[in-house]
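Me: Please take a single part of this model and go through it closely. Then follow the contacts outward to the rest, and give the cut-off for each term you use.

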Amino acid sequence: MKLHITGGHIIDPANGLDSVEDLYIAEGKVIQIGGSPDGFTPDSVIEAKNQVVCPGLVDLRAQCREPGQEYKATIASETYAAASAGITTLCNPPDTDPIVDSAAVAALIQRRAERIGMARIVPLGALTKTLNGTQLSEMSALKDAGCVGVSNDCYPVENNLIMRRALEYAATFDLTVFIRAQDHGLINNGCAHEGAVSTRLGLPGIPTAVETVAVATHLALIEQTGARAHFTLLSSERAAQMIARAQHDGLPVTADVCAHQLHLTDNDVLDFDSLCHVSPPLRNQRDRDGLRRWLAHGAITAICSDHQPHEMDAKLAPFSATATGISALETLLPLSLKMVDEGVLSLTAAISCLTCRPARILGIDAGTLSIGAQADICIFNPDEHWILNDETVQSHGHNTPFFNWEMKGRVTHTLYRGNVVYSLQNTTKQ
Amino acid sequence: MNKQNIQLDQDGGLRHFLTIEGLNRALLTDILDTAESFTSITEQTIKKVPLLRGKTIVNLFFEASTRTRTTFELAAKRLSADVLNIDASISAATKGETLLDTLNNLEAMHCDMFVIRHPNSGAAHFIAQHAAPHVSIINAGDGSHAHPTQAMLDMFTIRRHKGEFHNLCVAIVGDIMHSRVARSQIHALSTLGVKEIRAIAPRTLIPAEAETLGVHIYNDLREGLRDVDVVIMLRLQYERMRGASLPSEHEYYQLFGLTEDKLSLACPDVIIMHPGPINRGVEIESAVADGPRSVILQQVAHGTAVRMAIMSRAMRHKIVVAGGESS
């Protein structure tokens with residue numbers, strides 16, 4: 001299959017490309033940007049005038065719910081939703097059922113995605129067996145089975161000795177440890193940011209120290225061990241500042257923030273809106289602004305979706321009794337582009353937070369349009385306005401507070417391995 | 001603050017009663033005045049008015065309660081409504097039925113009003129958001145969020161003793177962190193325009209950024225009681241206490257227990273209130289609880305009239321009486 005993408009605004013931050021050019025694809029790879037290769041006869045042409053052509057997005061954190069929770073979503077449903085959102089690589093946390101603590105489960109997830117062929121899923125392996133926090137997982141086997149890192153996700157590691165050993169053991173195999181910074185004792189059944197809003201609503205609070213205490217502890221262990229680590233889902237300005245400081249001191253750490261943390265605050269919880277029940281909690285305006293600042297600064301390296309599709313019943317209960325999480329694949333790009341509109345990031349920087357930077361954190365070949373690279377490509381119209389609603393949403397999870405928001409920036413085509421896996425014109429509701 | 005206040009109908013009248021927050025002074029005063037007119041009924045030989053005749057009211061309690069449930073039942077009966085009491089803590093909920101399914105089942109039985117107590121903050125809001133349009137929801141306590149009918153009967157008691165609100169200094173003492181009563185009282189007192197509200201407790205029992213609620217915070221009981229007109233004691237809520245909030249009842253009583261001695265710092269005509277149930281010797285000395293300045297039992301007595309007022313107000317649009325509304 002030979003493809004010719006004409007007249008698009010090509011933005012490839014990894015290669016410093018930012019100009020209107022043609023792009024040529026053959027045998028699933030980018031073969032040229034600019035003039036036509038000799039004797040190139042395309043099977044198909046995509047007219048991309050006034051559109052941005054960039055690498056397919058790499059989402060550092062998206063749950064597809066399979067295996068184990070297929071009533072919420074499946075790899076098929078969510079990779080299609082990802083394709084419709086310009087995402088071609090999804091990093092899946094290890095808390096599936098069964099847990100990704102064996103090579104078999106890691107292989108199963110990748111094979112399913114492979115067979116469906118809409119997007120690639122790269123799994124994170126469990127840091128400890130069954131995520132129990134006490135016994136190290138077989139990290140070498142997990143790496144061989146395709147895991148791009150290890151994480152205990154939101155489950156506690158019993159003590160700092162085990163965390164230290166886990167960091168050292170992961171470093172033995174050059175695996176990045178993904179850290180959800182939470183002090184589990186301090187959470188104390190909290191379900192909303194501890195502050196004026198939680199006080200007003202009588203909701204048990206989650207203080208900022210839940211995050212900063214854990215970041216401080218982990219930074220000390222990283223300094224001790226020299227292991228490479230990635231802090232995922234930062235929620236507070238203070239934690240971002242601590243990570244910036246650690247980077248300045250030369251520690252091998254990166255961090256991400258999920259897109260909704262850059263837009264929502266605890267004020268959005270004020271009428272007990274369970275769609276805004278997330279973990280880590282939405283914090284206050286100062287934290288939101290601080291996260292934006294550290295993102296612009298570069299200490300926060302990437303933006304992820306933290307996609308968590310749920311059946312609607314999971315959100316139909318009093319606030320604290322509802323499941324946490326937002327169905328977020330389809331808002332990842334528009335909410336990141338909003339950072340451009342609001343002057344926080346340049347367009348190139350926003351795209352780099354969604355492509356080459358997360359790919360680098362995962363240590364995978366993705367997120368660039370380099371000649372010879374796999375042709376994973378996102379084409380979007382940066383000026384098109386659209387509404388996320390029952391008609392447009394593709395994910396099985398409709399649990400998003402952004403329903404009926406006007407979004408700017410719409411994906412028109414997604415290419416995965418050189419195949420058009422999504423085209424807005426031919427879209428049908430899955 | 002709310003995108004739209006779901007408690008009010010299009011004309012600004014009461015539809016649900018979920019929290020004091022967002023209700024204006026006129027509405028609160030109207031409830032107090034209506035309650036005043038109902039107190040005479042409870043003193044008559046026939047203690048009934050036909051305002052809610054033919055209406056069905058369900059008391060749906062997911063948490064234990066004696067005082068609140070009984071006075072709600074009494075209030076409904078005195079308004080001539082049919083009353084159903086459901087102790088949900090031992091019914092369908094324990095068989096795995098969701099809150100919404102319980103609600104839908106009761107709606108299918110054509111009930112007109114639900115009085116709900118639930119351990120989760122926001123439960124009453126949740127139910128109001130999902131209830132059929134003809135159903136009114138009264139919050140009888142949700143988690144640590146609100147207990148607005150209790151706050152209104154406290155306001156009623158204060159007004160009966162003090163007349164006006166604007167010159168008053170009111171102290172709320174104890175476990176403010178976990179208290180839905182305190183939150184509702186604070187909103188009611190500030191809406192009714194008191195001069196000062198003090199929250200008195202050790203720092204472990206004061207919620208984060210509590211001053212944003214409009215209270216002055218004191219960590220010393222003696223200092224906080226100086227020249228106050230009303231003292232509201234709160235019960236230590238053991239069932240909501242998590243983690244290490246207090247070292248012992250003994251130390252708490254030494255520092256924050258209300259005694260005659262400490263009370264001497266308050267205004268001479270101070271009144272002592274407590275939403276009950278009281279823990280004698282933990283937050284309050286028996287001599288104070290049973291003393292001349294205690295109005296604790298009057299609070300209970302006022303509960304019925306105030307709840308009659310709130311129920312009839314929330315059902316106003318459905319009350320058809322010859323010559324219009326009678327309240």
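Reply: Phe272(A) sits in the loop between β15 and α9 of chain A. This is a predicted model, in which local features need pLDDT of at least 70 and side-chain atom pairs count only at pLDDT 80 or more, while totals for chains, interfaces and linings use all residues. Residues are numbered from 1 along each chain as its sequence is written, chains are lettered from A and ligands numbered from 1 in the order in which they are written, and side-chain values use heavy atoms, with hydrogens and water left out. Helices (H or I, at least four residues) and strands (E, at least two) are DSSP runs, numbered from the N terminus.

The backbone of this loop comes first. Phe272(A) has a positive phi, near 60°, although the residue is not glycine. Most residues other than glycine have a negative phi, and most peptide bonds are trans. Phe272(A) counts as buried, with 6% relative accessibility; buried means under 20% relative accessible area, exposed over 50%, and partly exposed in between (1.4 Å probe, protein chains only). Pro280(A) also has its place in the loop between β15 and α9, and the peptide bond leading to Pro280(A) from Ser279(A) is cis, with omega near 0°.

Asp273(A) belongs to this stretch too, between β15 (253-258) and α9 (285-297) of chain A. The Asp273(A) side chain reaches the backbone nitrogen of Leu275(A) at 3.0 Å. Leaving aside residues up to four places away in sequence, Asp273(A) touches Asp268(A) and Phe319(A), where contact means heavy atoms within 4.5 Å.

Chain A has another cis peptide bond, joining Glu66(A) to Pro67(A), with omega about 0°. Pro67(A) is in the loop between β6 and α1. A salt bridge also involves that loop: the side chains of Asp153(A) and Arg61(A) meet at 2.7 Å, N to O. The rule asks for a side-chain nitrogen of Lys or Arg within 4 Å of a carboxyl oxygen of Asp or Glu. Arg61(A) lies between β6 (57-59) and α1 (75-84), and Asp153(A) between β10 (149-151) and α4 (160-172), so the pair ties together parts of chain A that are 92 residues apart in sequence. Asp153(A) and Arg61(A) are both buried.

From here the path leads to the other chain. The contact takes 19 residues from chain A and 26 residues from chain B. The two chains bury about 1,900 Å² between them, 55% of it on carbon and sulfur atoms; buried area is the accessible area (1.4 Å probe) that two parts lose on being put together, summed over both. On the chain A side, Thr199(A), Arg200(A) and Pro318(A) lose the most area to chain B, together 34% of what that side buries. One salt bridge is found across the interface, and the side chains of Arg200(A) and Glu21(B) meet in a salt bridge at 2.3 Å, N to O. The interface also has six residue pairs in polar contact, both residues at pLDDT 80 or more. A polar contact is a pair of N or O atoms within 3.5 Å; within protein, one must be able to donate a hydrogen and the other to accept it, and residues adjacent in sequence count only if both atoms are side-chain atoms.

Within chain B, Asp30(B) and Arg313(B) form a salt bridge at 2.8 Å, N to O. Asp30(B) is in helix α1 (residues 25-43) and Arg313(B) in helix α11 (residues 296-314), so this pair of chain B links parts that are 283 residues apart in sequence. Asp30(B) is partly exposed, at 26% relative accessibility, whereas Arg313(B) is buried, at 9% relative accessible area. Glu260(B) forms a salt bridge with Arg293(B), the closest N and O atoms being 2.8 Å apart. Glu260(B) lies in helix α9 (residues 260-263) and Arg293(B) in the loop between α10 (286-289) and α11 of chain B, 33 residues apart. Both ends are partly exposed: Glu260(B) has a relative accessible area of 32%, and Arg293(B) has 24% relative accessibility.

One backbone detail of chain B recalls the starting point. Ser80(B) has a positive phi, near 70°, and is not glycine. The place of Ser80(B) is the loop between α2 (67-78) and β2 (82-87) of chain B. Ser80(B) is buried, with a relative accessible area of 16%.
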